[in-house]
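I open this notebook to record what I looked up on charged and aromatic side chains. The structure is shown first, and my entries follow.

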Amino acid sequence: MIRFATIGTNKITEWFLEGIPLCSQMEYAAVYSRSLERGKAFAKRYGVLKVFDNLEELAMDESIDAVYIASPPSCHFSQTMMMLNYGKHVLCEKPAASNAKEFELMMQAAKDNDVILLEAMKPVFTPGFRIIKEQIPKIAPIRRLTLQRCRYSSSYDSFKAGNPEHVFELKLSNGALMDIGCYPVHILVRLFGMPDRIQADAIKLSNGADGAGTILAHYDGMQAEILYSKIADTKVPSQIQGENGCLIIPDLSHPRKIQLFGRDGTEKVFRTERLSSESSRNNLIYETLEFQRLIIEHETEHSHNKYTWMELKVMDEARSQMEIRFPADKIMEV
């Protein structure tokens, strides 16, 4: 049995825990919160007995095998490194680090301690993403992609009212690209690898964080545009255009429906069945099942992390062009 702890008592942690009943080898054993009182209240809801407000005490607890980290991105590096160095497997929320250099050090720590490190990039573990990969050869060669994740955030209303919001805080390694743009960036590099070059631009908010942006990625014979926003909605789906047809993906972060339109007149609609713990918004179960599998099979040399590194490299370059810098980026100067 894999006894795991959670770091973070927010909504995303609650969504993560919804899928645990389908993970037969995982047992919720401990809660960490900076507030012991809040941690105890959260633990009580799930029948968990161990509560920590000291990270090192959690890391030193030999009864805990794995940790799910759902703190702000600026905390991911230090928290993950501590857990890995104490021999804990780590599933870390997206983006797994503030920049690619941090993630390189995290991967090395996982290797040195012979444990699993995995980014919780939920769309790429879903059945829908497998369908996308299977259908791409049927419309190849691919010439153009438009991958987008644009959703107006209630946090933006609060921000406009003058309240500090974590999702737009540069000191927390946050902003629209990190929070929501990482989805299409990761999907792009997982499907097609690193682009030859990128061009990036952003709409900045009054505090210097990005509220929306565009990344144009260039490949040999193919272009990809990534559109992301937390200050406007879109009803336009993502699409992958090839010489022999196109794929339409209405919801990139939760691809339950994929449409194929062949140049020969073929039209197909692919729909994935929903698991019992999968709600209309929550598909975290698939990443959790993969994390469980990697631990059980001790697959420390899995391929997922190379795509996370590519994702962060693209976002590092995009932020450089956008002139968006985090305090955590000082590590790249060393």
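Entry 1, a buried charged pair. I looked up the accessibility of two charged residues in this predicted model, and found that Arg 319 and Asp 316 are both buried. I then checked how they meet: Arg 319 forms a salt bridge with Asp 316, with the closest N and O atoms 3.3 Å apart. Both residues belong to helix H10 (residues 304–322), where they stand three residues apart and are thus separated by about one helical turn.

Entry 2, salt bridges in the whole structure. How many salt bridges does a search of the whole structure find? I noted 15. Asp 179 and Lys 94 form a salt bridge, and their closest N and O atoms are 3.7 Å apart. Asp 179 is in helix H8 (residues 176–192), whereas Lys 94 is in the loop between strand E5 (89–93) and helix H5 (100–113), so this pair ties together parts that are 85 residues apart in sequence. Lys 94 has 13% relative accessibility and counts as buried, because the limit for that term is under 20%.

Entry 3, a bridge between strands. I next looked up Arg 144, whose side chain meets that of Glu 225 in a salt bridge at 3.6 Å, N to O. Arg 144 lies in strand E7 (residues 142–150) and Glu 225 in strand E10 (residues 222–229); the pair therefore ties together parts that are 81 residues apart in sequence. For Arg 144 I recorded a relative accessible area of 26%, which makes this residue partly exposed.

Entry 4, a network. I found that a network of salt bridges links Glu 290, Arg 293, Glu 297 and Glu 299.

Entry 5, aromatic rings. I turned to the aromatic pairs, of which the structure holds nine. Are the rings of Phe 16 and Tyr 68 stacked or edge-to-face? Their centres are 3.8 Å apart and their planes are at 5°, so I entered the pair as stacked. Phe 16 comes from helix H1 (residues 11–18) and Tyr 68 from strand E4 (residues 66–69), so the pair ties together parts that are 52 residues apart in sequence. Phe 16 is buried at 1% relative accessibility, and Tyr 68 is buried with a relative accessible area of 1%. I also noted one aromatic cluster formed by Phe 4, Phe 16, Tyr 28, Phe 42, Tyr 46 and Tyr 68.

Entry 6, a charge and a ring. Last, I looked up Arg 190, which lies over the face of Phe 125 at 5.7 Å from the ring centre.

Conventions: Residues are numbered from 1 along each chain as its sequence is written. This is a predicted model: local features need pLDDT of at least 70, side-chain atom pairs count only at pLDDT 80 or more; totals for chains, interfaces and linings use all residues. Side-chain values use heavy atoms; hydrogens and water are left out. Helices (H or I, at least four residues) and strands (E, at least two) are DSSP runs, numbered from the N terminus. Buried means under 20% relative accessible area, exposed over 50%, partly exposed in between (1.4 Å probe, protein chains only). Rings of Phe, Tyr and Trp (its six-membered ring) pair if their centres lie within 6.5 Å; planes under 30 degrees apart count as stacked, over 60 as edge-to-face and the rest as tilted. A charge sits over a ring if NZ of Lys or CZ of Arg is within 6 Å of the ring centre and within 35 degrees of the ring normal.
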